[in-house]
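Subject: The structure for you to look at

Hello! Here is the structure I promised to pass on, and below it I have written up what turned up in it. Please keep it open while you read.

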Amino acid sequence: MSSVITRRLDLVLHLIDATTGYAVNEARIDFNSEKDDLNFIPRGHGTYILINTGRDNFLMQIVVKGYEEAPVEINYEELNEVMPLKEVFLIPSEKTSSSEDVLYLKGNLPGLQSVSLIETNKVLATTNTYEQKKRLLQLFERGYRLNTEGSSYGIINREARTFEIFDIESLPNESQVKLKSPLQEEFQRNSQIGRIVNGYVYPNGDYLIGVRNDNAKKPTIVRYETDEVTFLEVDFKEINKPPVVDDSEELPS
């Protein structure tokens, strides 16, 4: 009597640079957890998988050279049963990145669940029309394609200084996207769409989020999610300015 060996895909991790949206491909990555059998198998393009390890929820820390250590919670109730994919956004390390490369915002907010932002001077597309029942968003194409994988996107409300986050299920054509979930807010035609940049939130309420220092200005809208959602306009250039040294005072003799 022959035996049957079954293999079940129990987790797929996709590691993404939060500031660029590109996959993180590093030779050595440490996955630290109290769970003993975290033998991740690399599959290229920042993807790592677990086979036949069970589906108990767990916490882990991901350590990648050049990035801040990432706290990650695996909650299978939030993942797809067939394809349990968890996208992890990594922030470049403050220790190895200079202010010429990355600008940071950090703080503490008790009860914080997530922190994210949109760079308002990096517009990928603008809205045209929206079919609520079909979840179809028509775009005015600006030479970019929005993707079904990786970062989420946001529709910017310039007047309210907020944005609504959405994810893409499919791309029917170059100027149309189908959303995973219906939009909850109305928007004006020609509203701008940007890529969501995600930050870290630690158990004590500390948070860290960063953007690449690749433009003369760095205006953003930051989204804080606690029991409610609040937004704050932040100029990363201003908050990362070096302190002004007043050398007008006479030095002591």
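**Salt bridges**

Across the whole structure, a search turns up 14 salt bridges. Please keep in mind that this is a predicted model. The general idea is simple: side chains of opposite charge can pair when their charged atoms come close.

A good place to begin is Arg135, which forms a salt bridge with Glu169, with 3.0 Å between the closest N and O atoms. Arg135 sits in the loop between strand S10 (125–131) and strand S11 (136–140), while Glu169 belongs to strand S14 (residues 168–173), so this pair ties together parts that are 34 residues apart in sequence. Arg135 is buried, because its relative accessible area is 19% and the cut-off for buried is under 20%. Its partner Glu169 is partly exposed, at 40%.

Glu169 also has a salt bridge with Lys178, and here the closest N and O atoms are 3.8 Å apart. Lys178 is partly exposed, with a relative accessible area of 25%. Elsewhere, Glu119, Lys122, Asp214 and Lys218 are joined into one network by salt bridges that share partners.

One more pair to find is Glu131 with Lys134, a salt bridge whose closest N and O atoms are 3.9 Å apart. Glu131 has 36% relative accessibility and so counts as partly exposed, whereas Lys134, at 51%, counts as exposed.

**Arg55 and its surroundings**

Next, please look for Arg55, in the loop between strand S4 (47–51) and strand S5 (58–64). Its relative accessibility of 23% makes Arg55 partly exposed. Which residues does Arg55 touch, not counting those up to four places away in sequence? They are Arg8, Leu9, Asp10, Tyr76, Glu81 and Pro84.

Two of these come with polar details. The side chains of Arg55 and Asp10 make a polar contact of 3.0 Å. With Glu81, the backbone oxygen lies 2.8 Å from a polar atom of the Arg55 side chain. If you would like to try the distance tool, go from Arg55 to Gly199: they are 144 residues apart in sequence and 26 Å apart in space, C-alpha to C-alpha.

**Gln176**

Is Gln176 buried or exposed? With 13% relative accessibility, Gln176 counts as buried. You will find Gln176 in strand S15 (residues 176–179). Leaving out residues up to four places away in sequence, Gln176 touches Leu136, Leu137, Gln138 and Leu171. With Gln138 there is also a polar contact between the two side chains, at 3.0 Å.

**A nonpolar patch**

On the surface, Val82, Met83 and Leu85 make a nonpolar patch of about 290 Å². Leu85 is part of strand S7 (residues 85–90). At 36% relative accessibility, Leu85 counts as partly exposed.

**How confident the prediction is**

The protein has an average pLDDT of 89, and 91% of the residues score at least 70. Among its elements, strand S13 (residues 162–166) has the highest mean pLDDT, 98, and helix H1 (residues 236–239) the lowest, 90. As a rule, where pLDDT is low, the predicted coordinates should not be read in detail.

Enjoy exploring, and write back with any questions!

Note on methods. Residues are numbered from 1 along each chain as its sequence is written. This is a predicted model: local features need pLDDT of at least 70, side-chain atom pairs count only at pLDDT 80 or more; totals for chains, interfaces and linings use all residues. Side-chain values use heavy atoms; hydrogens and water are left out. Patches are made of residues with over 30% relative accessible area and no salt bridge: like charges are joined within 9 Å, nonpolar side chains (Val, Leu, Ile, Met, Phe, Trp, Tyr) within 5 Å. Accessible areas come from the Shrake-Rupley method with a 1.4 Å probe; for residues, only the protein chains shown count as cover. A salt bridge is a side-chain nitrogen of Lys or Arg within 4 Å of a carboxyl oxygen of Asp or Glu. Helices (H or I, at least four residues) and strands (E, at least two) are DSSP runs, numbered from the N terminus. Buried means under 20% relative accessible area, exposed over 50%, partly exposed in between (1.4 Å probe, protein chains only). Contact means heavy atoms within 4.5 Å. A polar contact is a pair of N or O atoms within 3.5 Å; within protein, one must be able to donate a hydrogen and the other to accept it, and residues adjacent in sequence count only if both atoms are side-chain atoms. pLDDT is the predictor's confidence in each residue, from 0 to 100.
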